[in-house]
Amino acid sequence: MRSLARPPRPTKPLPPLAAFVQSMGYVEVKMRWKKDASFDAVPVLAHARDLRPLAALARLLSPSPTPVSAVSKLRRSLETSDRRVASFLRRFPAAFVESVGPEHNHPWFRLSPSAARLQREERDVFAARRADITSRLRRLLLMSPARRLPLTVAQGMLWHLGIPEDYFKRPDFDIGQDGFRILTTGDAVFSEDENHGKELGLIDDGKDQEMPLSVLQMGAIRRFGSAEEVPFPLFPSKGLRLKRKIGDWMEGFQKLPYISPYADFSNIHRGSDVSEKRAVGVLHELFSLFVTCSAERRRLLCLRTHLGLSQKVHLVFERHPHIFYLLLKEKTCFAVLKEAYMAGGHTSIEEHPMLEVRSKYARLMQESQEIIRRRRSGKPVQLDPEDQESEDSKGINSAAIPS
């Protein structure tokens with residue numbers, strides 16, 4: 001009798017792509033946000049929301065009175081937190097001095113002597129430390145696989161890198177001496193935006209050059225003598241307790257291979273823990289290049305596709321609270337690299353040359369708050385001796401101008 005059983009089918013080998021799929025050990029990390037008052041006490045972080053528009057207005061105004069109409073229409077590009085630029089200028093009397101114009105009683109503003117000194121100091125620091133500051137922009141381009149970025153994206157990163165925001169517009173800066181060039185694509189002629197269709201690249205395209213070591217790799221060499229194992233420095237917040245399964249996952253996460261932000265990542269499977277560790281390493285290196293080692297979280301999304309990061313890269317900050325801190329300020333969220341503020345001298349992150357200038361701007365904003373409090377309470381306002389002397393000379397000069 002003929003058997004009804006079917007003969008076994010010969011087994012076929014798995015295709016190469018299926019044989020080398022990386023396994024995922026994804027753990028759903030949901031942690032309650034924990035406030036850390038130590039970060040709120042840092043002036044350059046506490047005033048981060050208004051620091052950039054204040055510095056931009058300081059560059060636009062001059063020590064001589066200027067009508068507010070000259071800058072009032074720039075509110076959208078300045079991104080001031082107030083609806084009107086005049087209201088924003090009045091919030092910082094230590095930086096901007098208000099007066100009445102010669103006609104129609106329109107408000108005029110000028111830089112205070114302290115703000116004018118900071119403007120000169122900012123220019124002097126960039127001139128003296130230009131190579132160090134612009135090298136950070138070069139490292140940012142080297143982190144991109146294409147070794148270039150759209151000019152609009154690079155323009156948005158200048159403030160964080162400590163480079164003047166008119167760096168690409170002023171011919172006297174001569175970006176070629178820093179190793180940069182601007183490339184124009186074919187669709188640039190069809191747009192009204194002057195930066196559309198333009199890219200910032202390197203003159204040497206990063207070829208035949210040894211890639212730099214990341215901050216984490218330099219830290220591992222300093223601590224262990226080699227970069228074979230590169231763990232992330234962890235700084236737990238006080239009172240933040242993790243579930244046991246999350247703690248175990250973090251221990252395994254530290255043991256995963258470290259991928260340098262400057263290395264090729266095309267063979268890494270998206271969605272794996274190795275891919276997430278690379279994303280954390282890229283953000284760690286990116287923040288170490290910034291002046292304050294912090295940035296508004298939404299502003300980093302423009303770098304996502306150019307640095308090979310996933311669409312949900314913003315969740316990295318929430319999944320790694322021992323590495324990043326989320327500072328909630330004035331209806332926005334700033335991400336801060338903890339190592340820069342909590343490691344003390346045990347870090348390979350170099351202090352940015354422009355950090356002291358930014359800190360002085362923040363102190364000027366604190367002085368403005370004190371001046372407003374004294375005015376409201378009727379107390380006399382105490383000015384810096386140099387500012388008082390300059391105020392007296394301004395009063396003598398303005399007395400000779402008919403109103």
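Tutor: Start with a term: a residue is buried when its relative accessible area is under 20%. This structure is a predicted model, and helix H10 is a place to apply the term.

Student: What makes H10 mostly covered?

Tutor: Nine of the 11 residues of H10 fall in the buried class. Leu151, Val153, Ala154, Gln155, Met157, Leu158, Trp159, His160 and Leu161 are the buried residues. Just after the helix, Gly162 has a positive phi of about 85 degrees.

Student: Why is Glu199 called partly exposed?

Tutor: Partly exposed covers the range between under 20% and over 50%. The relative accessibility of Glu199 is 22%, so Glu199 belongs to that class. Glu199 is part of strand S6, residues 198–202. Its C-alpha is 5.6 Å from that of Ile182, with the two positions 17 residues apart in sequence.

Student: How do you know that Phe287 and Phe324 form an aromatic pair, and why is the pair called edge-to-face?

Tutor: Ring centres must lie within 6.5 Å, and planes over 60 degrees apart count as edge-to-face. The centres of Phe287 and Phe324 are 5.9 Å apart and their planes make 65 degrees, so both conditions are met. Phe287 sits in helix H13 and Phe324 in strand S8, residues 324–329, so the pair ties together parts 37 residues apart in sequence.

Student: What makes Phe287 and Phe324 buried?

Tutor: The limit is under 20%. Phe287 has 0% relative accessibility, so it counts as buried. Phe324, at 2%, is buried by that limit too.

Student: How many aromatic pairs does the structure hold, and what kind of pair do Phe232 and Tyr258 form?

Tutor: There are 14 aromatic pairs. Phe232 and Tyr258 lie 6.4 Å apart, centre to centre, with 70 degrees between the planes. The distance is within 6.5 Å and the angle is over 60, so this is an edge-to-face pair. Phe232 is in the loop between helices H11 and H12, whereas Tyr258 is in the loop between H12 and H13, 26 residues apart. Both Phe232 and Tyr258 are buried. Elsewhere, Phe126, Tyr167, Phe168 and Phe173 make up one aromatic cluster.

Student: How do you know that the charged end of Arg278 sits over the ring of Phe265?

Tutor: The charged atom has to be within 6 Å of the ring centre and within 35 degrees of the ring normal. The charged end of Arg278 is 3.7 Å from the centre of the Phe265 ring, so the distance condition is met. Lys277 has its charged end over the ring of Phe253, 6.0 Å from the centre.

Student: What makes S1 and S3 a pair of strands?

Tutor: At least two bridges are needed. S1, residues 66–67, and S3, residues 107–111, have two bridges, so they qualify. They run in the antiparallel sense, and Thr66 stands opposite Phe109. Strand S2, residues 96–100, is joined to S3 by five bridges, also antiparallel, with Ser99 facing Trp108. Six residues lie between S2 and S3 in their hairpin, where His104 takes a positive phi near 60 degrees.

Student: Which residues line the largest cavity, and why is that space called a cavity?

Tutor: A space is called a cavity because a 1.4 Å probe fits there but cannot get out. The largest cavity has a volume of about 50 Å³ and is lined by Phe232, Leu234, Trp249, Met250, Phe253, Gln254, His320 and Ile323. Six of these lining residues are nonpolar, two are polar and none is charged. The second largest cavity, about 40 Å³, has a lining of six nonpolar residues, one polar and one charged. Among its lining residues are Leu283, Arg297 and His314.

Student: What volume does the largest pocket have, and which residues are closest to its centre?

Tutor: The largest pocket holds about 890 Å³ of space. It has 30 lining residues, and Arg52, Ala56, Arg59, Ser77 and Glu165 are the closest to its centre. Helices H4, H6 and H10 and strand S7 each give two or more residues to the lining. H4 supplies the largest share, eight residues. By class, the lining has 12 nonpolar, seven polar and 11 charged residues.

Conventions. Residues numbered from 1 in each chain as written. Predicted model: local features only at pLDDT ≥ 70, side-chain atom pairs only at ≥ 80, totals over all residues. Heavy atoms only, no water. 1 Å grid on protein atoms, 1.4 Å probe; cavity = no way out; pocket = protein on both sides within 12 Å on 5 of 7 lines; lining within 4 Å. Points joined across faces, edges and corners; volume = space filled by probe spheres on them. Helix = DSSP H or I, 4+ residues; strand = E, 2+ residues; numbered from the N terminus. Nonpolar A, V, L, I, M, F, W, Y, C, P; charged D, E, K, R; others polar. Phe/Tyr/Trp six-rings, centres within 6.5 Å; stacked < 30°, edge-to-face > 60°. Buried < 20%, exposed > 50% of the residue type's maximum accessible area, 1.4 Å probe, protein only.
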